[in-house]
Amino acid sequence: MSKGIDIVEEKVEAVPAGKQPLRLWLRILTCSNMLERGMRNLLKERFDTTLPRFDLMAALYRAPEEGLSMGELSRWLMVSNGNVTGVAERLEKEGLIARRAAPHDRRTQIVTMTPAGRAAFENWAREHERWISGMLADLTAEEMDQMMGLLAKAKASIAKHDKKDA
């Protein structure tokens with residue numbers, strides 16, 4: 001049985017202008033955490049898999065047929081090489097991915113999906129999309145478009161200020 005997400009009716013109150021950025025950050029973080037927790041629970045219950053495994057498989061699914069190096073996977077997933085190695089070893093043992101030495105550098109491992117891995121991931125991805133659609137079902141298409149536009153603007157603002165602070 002899926003663990004539910006407690007929904008709390010919130011009264012949106014006026015926030016002093018100086019506190020709006022902090023409140024917005026907290027709201028975005030809360031929503032992100034709720035979605036991630038829901039995905040982790042559903043992936044575990046339905047497929048006995050984890051979000052890092054799903055993410056690695058998603059990266060490979062979008063990769064060219066020749067696959068990705070372990071370093072490329074690490075950069076794509078924004079995690080350490082050690083994290084990718086551990087997840088890849090387990091997926092390889094299950095026959096979902098294959099690793100081979102790169103022809104130009106035997107120290108570099110190239111990772112590809114096996115046919116069984118592709119079939120498993122396609123099943124996971126269909127359910128993942130259904131779950132996300134369900135979680136966001138109370139938003140209209142117009143509201144989602146508005147949020148996407150506002151989040152794109154927020155992302156650009158964050159990126160601009162991130163470069164200044166670096």
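Two strands are taken as paired if DSSP finds at least two bridges between them, and the strands themselves (E, at least two residues), like the helices (H or I, at least four residues), are DSSP runs numbered from the N terminus. The exercises below concern a predicted model, in which local features need pLDDT of at least 70 and side-chain atom pairs count only at pLDDT 80 or more, while totals for chains, interfaces and linings use all residues. Residues are numbered from 1 along each chain as its sequence is written, and side-chain values use heavy atoms, with hydrogens and water left out.

**Exercise 1. The sheet**

Determine the strand order of the sheet and state which strands stand at its edges.

Solution. Begin with the pairing between S1 and strand S3 (residues 105-113), which run antiparallel and are joined by two bridges. Within this pairing, Leu68 has Val111 of S3 as its bridge partner, and Ser69 stands opposite Ile110 in S3.

Next, take S2 and S3, which also run antiparallel and are joined by six bridges. Here Ile97 has Met113 of S3 as its bridge partner, whereas Arg100 stands opposite Ile110; the two strands form a hairpin, with two residues between them.

Putting the pairings together gives an open sheet of three strands in the order S1-S3-S2, with antiparallel pairing. Strand S1 (68-69) and strand S2 (97-102) each have a single partner strand and therefore stand at the edges, where one side of each is left without a neighbour in the sheet.

**Exercise 2. The chain as a whole**

Describe the succession of elements along the protein chain, and then its burial, contacts and surface.

Solution. The protein chain has six helices and three strands, and from the N terminus on its elements run α-α-β-α-α-β-β-α-α.

For burial, residues are classed by relative accessible area as buried (under 20%), exposed (over 50%) or partly exposed in between, with a 1.4 Å probe and protein chains only; by this criterion 26% of the 166 residues count as buried.

For contacts, meaning heavy atoms within 4.5 Å, consider those between residues at least 6 apart in sequence: of these, 54% join residues at least 24 apart.

The accessible surface, computed by the Shrake-Rupley method with a 1.4 Å probe, comes to about 12,200 Å², and 56% of that surface belongs to carbon and sulfur atoms.

**Exercise 3. The packing of helix H2**

Work out how helix H2 is placed relative to the sheet strands, to H1 and to H5.

Solution. Two packed helices are described by the angle between their axes and the distance between the axes. The axes are lines fitted to C-alpha atoms, for helices over the stretch in contact, and the angles run from 0 to 180 degrees between N-to-C directions.

Relative to the sheet, helix H2 (residues 51-62) lies across S1, S2 and S3, and runs at about 95° to S3.

Relative to helix H1 (residues 20-47), the axes come within 9 Å and cross at roughly 90°. H1 and H2 are therefore roughly perpendicular to each other, a description that covers angles of 65 to 115 degrees. The contact is made by Glu36, Met39, Arg40 and Leu43 of H1 together with Leu51, Pro52 and Phe54 of H2.

Relative to helix H5 (residues 115-135), the axes come within 10 Å and cross at roughly 110°, so that H2 and H5 are again roughly perpendicular to each other. Among the residues of H2 that meet H5 are Phe54, Met57 and Tyr61, and those of H5 that meet H2 include Phe121, Trp124 and His128.

**Exercise 4. Three individual residues**

Is Leu73 buried or exposed, and which residues beyond its sequence neighbours does Leu73 contact?

Solution. Leu73 is found in helix H3 (residues 70-77), and because its relative accessibility is 0%, Leu73 counts as buried. Leaving aside neighbours within four places in sequence, Leu73 is in contact with Leu56, Ala59, Leu60, Leu68, Val84 and Val111.

Now compare the backbone and accessibility of Asp48 and Met78.

Solution. Most residues other than glycine have a negative phi. Asp48, which is not a glycine, has a positive phi of about 50°; Asp48 lies in the loop between H1 and H2 and is exposed, with a relative accessible area of 54%. Met78, likewise not a glycine, has a positive phi of about 55°; Met78 has its place in the loop between H3 and helix H4 (81-93) and is exposed, with a relative accessible area of 75%.

Terms used:
Angles under 35 degrees count as roughly parallel, over 145 as roughly antiparallel, 65 to 115 as roughly perpendicular and the rest as oblique.
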